[in-house]
Amino acid sequence: MMANLTASARRAPATVPAIGALVLFVIWSTDQAGFPMTHWAPGGLIVLLLLALALWLVPLRLASLPLSVRVALGCLAAYTAFSFLTILWAGVSAEAWEGADRTLLYLLVFALFACWRQQGGTAALLLVGWVLALVGVAVFTLLHLEAASSAGLQTLVPGGRLEYPTGYANANAAQWLMAFWPALLMARSERLTWPLRALLAGGAALLADVALLSQSRGSLFATPVILVLVFALLPGRVRTFVLLVPVGGAIALAARPVLRVGDRLNGEEVVLGTLHHAVKVSFASAVVAAVLVGVGAFLEGRLRSRLSGDSERRVHRGLAAIALVCLVGVVAGGLAAAGNPVTRLEKAWHSFKGGYTSTTDKDRLLSGLGSNRYDFYRVALNEFVAHPVGGIGVDNFQQQYLRHGRSTETPRYPHSVELRALVETGLVGTLIAVAGLIAALLAVARALRGRGAGRGRDDDRLAAAVAAAALAGFGYWFVHGSVDWLWEFAGLGAPAFALLGLACSLAPRGDGDGDGDDVPGVDGGSERARRSLRLRASRATLAGAAVLLLLALGTIYSLASPWLSQLEVQSAARIWPRAPRKAYARLEEAASLNPLSDEPYRVAGSIALRFGETGRAARQFTLALGRSPEDAYATLELGAIASSRGEHVRALTLLTRAAALNPREPLPSEALAIARKGGKLSVDGLNRSILLKARKL
């Protein structure tokens, strides 16, 4: 099987750059899921280089792409361009630039995977390779937990929820479950060898067990939705059911020991013995799933050649009947356990609106839907109503929530991919995004039906299996991202768009649509007409190359400039205690590299205050407000400096604005109250209070 996949890769050289992108995604998965800009921005430059390599290896003609893929690509490009356009009206333009760059990364990834036709073998090589690499990361994570000390667990599993390696429990669960669904659906394919199917099934069970360690209620919502969609929309339902029996049983076997690790949420300390037992059971259950599926796949291969067509159909009908009976039993049991569905929905809605509640009397996964997301969504919808056409600007949600939110949280993002599009890019951006998604799904639907030109029947079936598995992985990211801020994790979003692009690349194309085919000549006509046609084609090629070069240069600048600026800021933050002058110089360089960001000036002002240089601090905070007038921190510090200097009127103006920009934060209001009474603020005292609060957080 692997020899066939390697041979297929040689026939499709554009697969090589795609493999490079998958390696990048796996690297991101090992450290914060690519969330920091210093991770994903250089990664975006690498993807751009890989895209250029693919264009060099296999010249691309857009006309050769299926219409649905062209529409999807065009809409994603338009959505990216509109995201950059929102910089013009965004309150914090630097945040909008960063958010637009992230969307640009997803465009590059989708283009790399969708624009070159894949054979079933090469697509399987890409998908299975990525899945098994994530399984390897999951194995390493469990071994890392096994070797951790009791003190180390407080960092890896704070509050009883596994956050390693992404740093966010919900993103952690999403990372594993995005790979779980492709692993599960590829394990059912008879086009793969039985050892590989066994490995994928065991990997799927292990991925699910590691995901359970994060106790993500978002995954608890997304998993049944994807399960229903898989059975409702994807072919091979009987095979999916047959595979779910051993894999689901293995997951159920490990579920209780794994969930017991989170007992600290119920007031109990996580002990090493509990964790070690959970790790051992997880590995054991994965082995059980692998053995059962491997044996079943081996027997299937032996029996298939001996069964007649009628016998095979009878077996299929029998399994379908068993699956239907099980489905009815599960639904009936679920309804009986849930009780009155209307009452359950009412309780769920009240729980969702009520915010966080104590989990001392029940498991977190069963503690209801209480969180502050209701308030996030309320503010997001209100902002959409206030700015319906173009939105408030990409990644500009935080300042609006500081003003209008009611909870103690300060979210930077709306925690929903749909609301993100609505509130940040308005109806214009949302309609573009929806049109692109529909076009991509239409391309995937064609891939599921198969019948690609130049494919054999076996390769056609394998291509359809890969398309279904990749779509399930993307679907999980999208559904879970409907209730969480997964879009902002490049280590999740980039693989999701790669999966969607991979499924689109399998859409059938007509004969003569091969990548890199020569442009047809002109039959008949004069030599002058042919020379004229060649001249026009040459000019069009040069014009296209010039446009591509300009776009590439713009992309390099857009990704590299904020990234290099952030590196300078981080360097200054490390060296300022021992080399303040050098830190100031690096912050000036950072400000010049990113002409929209106020962060270099804020950091420089904070450093100046540590050394008692209030004059320098005032200048730096003023420059920060020049770039971001809604910067509550810079406004508060300038107000405190004005008060300490006896500039009473200016202090009142600045402190009043600081309190309005962040009305739920007590420090600006307390400072304003002192100023209104005629008192002078202590800048040192204010900053000690800010540092104390930061340490508590």
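At the start of helix H10, a side-chain oxygen of Ser 216 comes to within 3.3 Å of the backbone nitrogen of Gly 218, a detail that, like everything described here, is read from a predicted model. The helix that follows, H10, covers residues 217-233 and has 17 residues, and the distance from its first C-alpha to its last is 25 Å, close to the 24 Å expected at 1.5 Å a residue. Within H10, Arg 217, Gly 218, Ser 219, Ala 222, Ile 226 and Val 230 are buried. An α-helix has 3.6 residues a turn, so residues three or four places apart point the same way. The buried set in H10 can be read with that in mind, since it includes Ala 222, Ile 226 and Val 230.

Stepping back along the chain, one meets Gln 215, which is placed in the loop between H9 and H10. The backbone of Gln 215 takes a positive phi of about 45 degrees although this residue is not a glycine. Gln 215 counts as buried because its relative accessibility is 5%, below the 20% limit for that class. On the other side of this loop, helix H9 (residues 194-212) contains Ala 211, which is likewise counted as buried, at 4% relative accessibility. Leaving aside residues up to four places away in sequence, Ala 211 touches Ala 173, Trp 176 and Leu 177. The C-alpha atom of Ala 211 also lies 9.0 Å from that of Ala 169, although 42 residues separate the two along the chain.

Ala 169 leads to another loop, the one between helix H7 (150-156) and helix H8 (169-187), where Pro 165 is found. The peptide bond that runs from Tyr 164 to Pro 165 is cis, with omega near 5 degrees. A further backbone feature occurs at Gln 32, in the loop between helix H2 (15-29) and helix H3 (37-57). Gln 32 is not a glycine, yet has a positive phi of about 60 degrees. At 31% relative accessibility, Gln 32 counts as partly exposed, whereas Gln 215, at 5%, counts as buried.

The wider setting of these features is a protein chain with 27 helices and 0 strands. Of its 697 residues, 51% count as buried, and the accessible surface comes to about 31,000 Å², with 65% of that area belonging to carbon and sulfur atoms. Among contacts between residues at least 6 apart in sequence, 77% join residues at least 24 apart.

Ser 282, in helix H12 (residues 272-304), gives a view of the interior, for it counts as buried at 2% relative accessibility. The side chain of Ser 282 reaches the backbone oxygen of Ala 278 at 2.8 Å. Apart from residues up to four places away in sequence, Ser 282 touches Leu 142, Leu 206, Asp 209, Ala 254 and Val 258. Elsewhere, helix H17 (residues 417-449) holds Leu 422, which touches Phe 384 and Thr 430 under the same exclusion of residues up to four places away. Leu 422 and His 387 are 35 residues apart in sequence, and their C-alpha atoms are 9.3 Å apart in space.

Aromatic side chains provide another thread, as the structure holds 23 aromatic pairs. One of them is formed by Phe 474 and Phe 497, an edge-to-face pair with 6.3 Å from centre to centre and 70 degrees between the planes. This pair links distant parts of the chain, with Phe 474 in helix H18 (residues 457-481) and Phe 497 in helix H19 (residues 490-505), 23 residues apart. Phe 474 is buried, with a relative accessible area of 5%, and Phe 497 is buried too, with 9%. Both belong to a cluster in which ring pairs link Tyr 106, Phe 474, Trp 477, Phe 478, Trp 487 and Phe 497. The burial of Phe 497 fits its helix, since 16 of the 16 residues of H19 are buried. At 1.5 Å a residue, the 16 residues of H19 should span 22 Å, and the end C-alpha atoms are 22 Å apart, in agreement.

The path closes further along the chain, at helix H22 (residues 599-610), whose 12 residues reach 17 Å from first C-alpha to last, close to the 16 Å expected at 1.5 Å a residue. Buried residues in H22 are Pro 600, Tyr 601, Val 603, Ala 604, Gly 605, Ile 607, Ala 608 and Leu 609. Just after H22, Gly 612 takes a positive phi of about 75 degrees. A ring is also involved at Arg 616, whose charged end sits over the ring of Tyr 584, 3.9 Å from its centre.

How values were computed
Residues numbered from 1 in each chain as written. Predicted model: local features only at pLDDT ≥ 70, side-chain atom pairs only at ≥ 80, totals over all residues. Heavy atoms only, no water. Helix = DSSP H or I, 4+ residues; strand = E, 2+ residues; numbered from the N terminus. Buried < 20%, exposed > 50% of the residue type's maximum accessible area, 1.4 Å probe, protein only. Contact = heavy atoms within 4.5 Å. Areas by Shrake-Rupley, 256 points an atom, 1.4 Å probe, with all protein chains shown as cover. Polar contact = N/O pair within 3.5 Å; in protein donor to acceptor, adjacent residues only side chain to side chain. Phe/Tyr/Trp six-rings, centres within 6.5 Å; stacked < 30°, edge-to-face > 60°. Lys NZ or Arg CZ within 6 Å of the ring centre and 35° of its normal. Expected span 1.5 Å × (residues − 1).
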